[in-house]
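Subject: Structure handover, with notes on pockets and strands

Hi there,

Here is the structure I promised to pass on. My notes follow below it, and I hope they give you a handy way in.

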Amino acid sequence: MTIATRHAEAAVVLPEPGMLIAGDWVTKTTAGTMDRIDPSTNVLLSTFPIASQDDVDRAVRSARTAFPAWKRTPVNVRRDLLLRIGQLLLGASDDLAQIIALETGHPAALVTADPVVDWFNYYAGWADKFAGEVIHSYPMRALDYAVYEPYGVIGAIVPWNGPLAVSAMKMAPALAAGNCVVLKTPEQSPFATMRLAQICREAGLPEGVLSVLNGGPEVAQAIIRHPDVRKVSFTGGPAVGSKVMALAAESLTPVVMELGGKSANLIFADADLENAVQMATMMSAVIAAGQGCLFPTRLLVQDAVYDEVVERAKAIAESAPQGDPLDPSVIMGPVVSCGAFERIMGYIDIAKSDGTSRLVAGGSRLGGEFESGFFVEPTIFADVDNSSPIAQEEVFGPELSIIRFKDEEEAVTIANDSRFGLAAYLHTQDLSRAHRIADELDAGWIGVNSFPAMTPTAPFGGVKSSGFGREGGRAGIEEYVHPKNINILL
């Protein structure tokens, strides 16, 4: 059986293409449809409806209408609804893994609903614990207190590479705090988010509290510009992020931005090389085909172990099982689209020819039965100039740049020589060094001797061109409320 035949048979798991608008499942609109191509086969996967301006208006109007009652809904009811969504997600985990494999190319064997469930469960716990504060008042004697008010209608725009996880990162805290949400699915991976919308409806979310719309930039612009959308949460690249900010500025709408990264990963000579290089290679050039904003794509290695690290990374990259994302033995699938493939290969071709690096592994398209899909080999360049395009720009593909350093000062200088500041990583057995370096790195998310799981308990976000605002922890729910101060003279 060919990969195209296998995927055609598996596509029965896709939800009925549609949108959740004001409590209704809408399967036809005046705006027409959009095609989704299977990245593994370059064959049509499915067609789905996209939202018109009228659909956006209806979704926002419904959210605005639902907001007063949802805000007043007892916190235990909001809590239990979020927990119910988590339970239903668990039951749909296998189907969701297959959907994501088909539409994004991420291997189904590595996809689980557990982290998504975790975000709903965690913020369900905040629903009945997020309280205000009593404030000392002077010079007059008064009762002064602050309460945290939900904004109202939140516009959420999520990326294709983590449609379920990022939707949960935005929806769960926003809903727990008492907001309503209008969410735009990513056009390259809409089906998993459609299924999430159906699950939320099945869980009993009231009409209008959540609407989920499909479409491209025009739909995102309509949501951002809508006068009744009180805050926007966006995850994506910095170029689009700048446009989102400009649109939001027209109505002074506040925004949360989780943007791109070019994360440095520092390996010192005293590191556990087996674990450090495994993490460095897998989380940059193999897992998710390198398509992750916080992946450690710049590997900085101390002189004494540089050559050994390069050889270890090469061996790991060349042995990674790549192929059909529905195959349980595969850990690396294709990149998401033809456009992504051409962009990534463009960066690789430049790096091969401009004299700023040395190709160590990969660098080509996967052939054989996979030649029709968008498969890029795990690619490693060594001796990379940190000022080169592959070291400074977000390739967003299976490519690792290895750079040499001699001491701590040079390592930090190279690591911080980037417009991005999302994540950074370091490997050392010296605890004092770990604290020193972590303190000096310009990034919002630091991992020491590991690639930390993105749990909902910790605040995640970047600095510099990697954005602002946080998702996760108390900071994550605080993004969806504003303080109201009340002073009562006694």
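First, a word on residue classes: Ala, Val, Leu, Ile, Met, Phe, Trp, Tyr, Cys and Pro count as nonpolar, Asp, Glu, Lys and Arg as charged, and the others, Gly among them, as polar. Please also keep in mind that this is a predicted model.

**The second largest pocket**

With those classes, the lining of the second largest pocket divides into 10 nonpolar, 6 charged and 1 polar residues. The space in this pocket comes to about 230 Å³. Its lining is made up of 17 residues, and the ones closest to the centre are Val-75, Arg-78, Ala-127, Phe-130 and Ala-177. Four elements each give at least two residues to this lining: the helices α2 (53–72), α3 (75–91) and α5 (114–127), and the strand β6 (142–150). Which element gives the most to the lining of the second largest pocket? That is β6, with 3 residues.

**Enclosed space**

Searching the whole structure turns up 2 cavities of 30 Å³ or more. The largest cavity has a volume of about 80 Å³, and 15 residues line it. Nearest its centre are Arg-298, Ala-415, Phe-420, Ala-423 and Asp-442. At least two lining residues of the largest cavity come from each of α14 (408–416), β17 (420–421) and β18. Sorted by class, this lining holds 8 nonpolar, 4 polar and 3 charged residues.

The second largest cavity offers about 60 Å³ of space. Among the residues that line it are Gly-261, Lys-262, Gly-290, Gly-292 and Cys-293, and the lining also includes Glu-394, Val-395, Phe-396, Gly-397 and Glu-399. Here the classes come out as 5 polar, 4 nonpolar and 3 charged residues.

**Ser-263 and its contact**

Ala-423, one of the residues nearest the centre of the largest cavity, also turns up in a contact with Ser-263. A polar atom of the Ser-263 side chain lies 3.1 Å from the backbone oxygen of Ala-423. Where is Ser-263 found? Ser-263 sits in the loop between β11 (255–258) and β12 (264–267). Ser-263 counts as buried because its relative accessibility is 1%, and the cut-off for buried is under 20%.

**The seven-stranded sheet**

β12 and β18 both belong to an open sheet of 7 strands, whose order is β14-β15-β16-β13-β12-β18-β19. The pairing in this sheet is mixed. Its edge strands, which pair on one side only, are β14 (358–361) and β19 (445–448). From one strand to the next, the twist averages 20 degrees. At the β19 end, β18 (residues 423–427) pairs with β19 in the parallel sense over 4 bridges. Opposite Tyr-425 you will find Gly-447 in β19.

**A hairpin to look at**

Strands β3 (residues 33–38) and β4 (residues 43–49) run antiparallel and are joined by 6 bridges. Thr-33 has Pro-49 in β4 as its bridge partner. The hairpin of β3 and β4 has 4 residues between the strands, and Asn-42 takes a positive phi near 60 degrees there.

If you would like a starting point on screen, you could pick Ser-263 and Ala-423 and go from that contact to the lining of the largest cavity.

Have fun with it, and write back whenever you like.

Best wishes

Technical notes:
Residues numbered from 1 in each chain as written. Predicted model: local features only at pLDDT ≥ 70, side-chain atom pairs only at ≥ 80, totals over all residues. Heavy atoms only, no water. 1 Å grid on protein atoms, 1.4 Å probe; cavity = no way out; pocket = protein on both sides within 12 Å on 5 of 7 lines; lining within 4 Å. Points joined across faces, edges and corners; volume = space filled by probe spheres on them. Pairing = 2+ DSSP bridges. Axes fitted to C-alpha atoms, helices over the stretch in contact; angles between N-to-C directions. Buried < 20%, exposed > 50% of the residue type's maximum accessible area, 1.4 Å probe, protein only. Polar contact = N/O pair within 3.5 Å; in protein donor to acceptor, adjacent residues only side chain to side chain.
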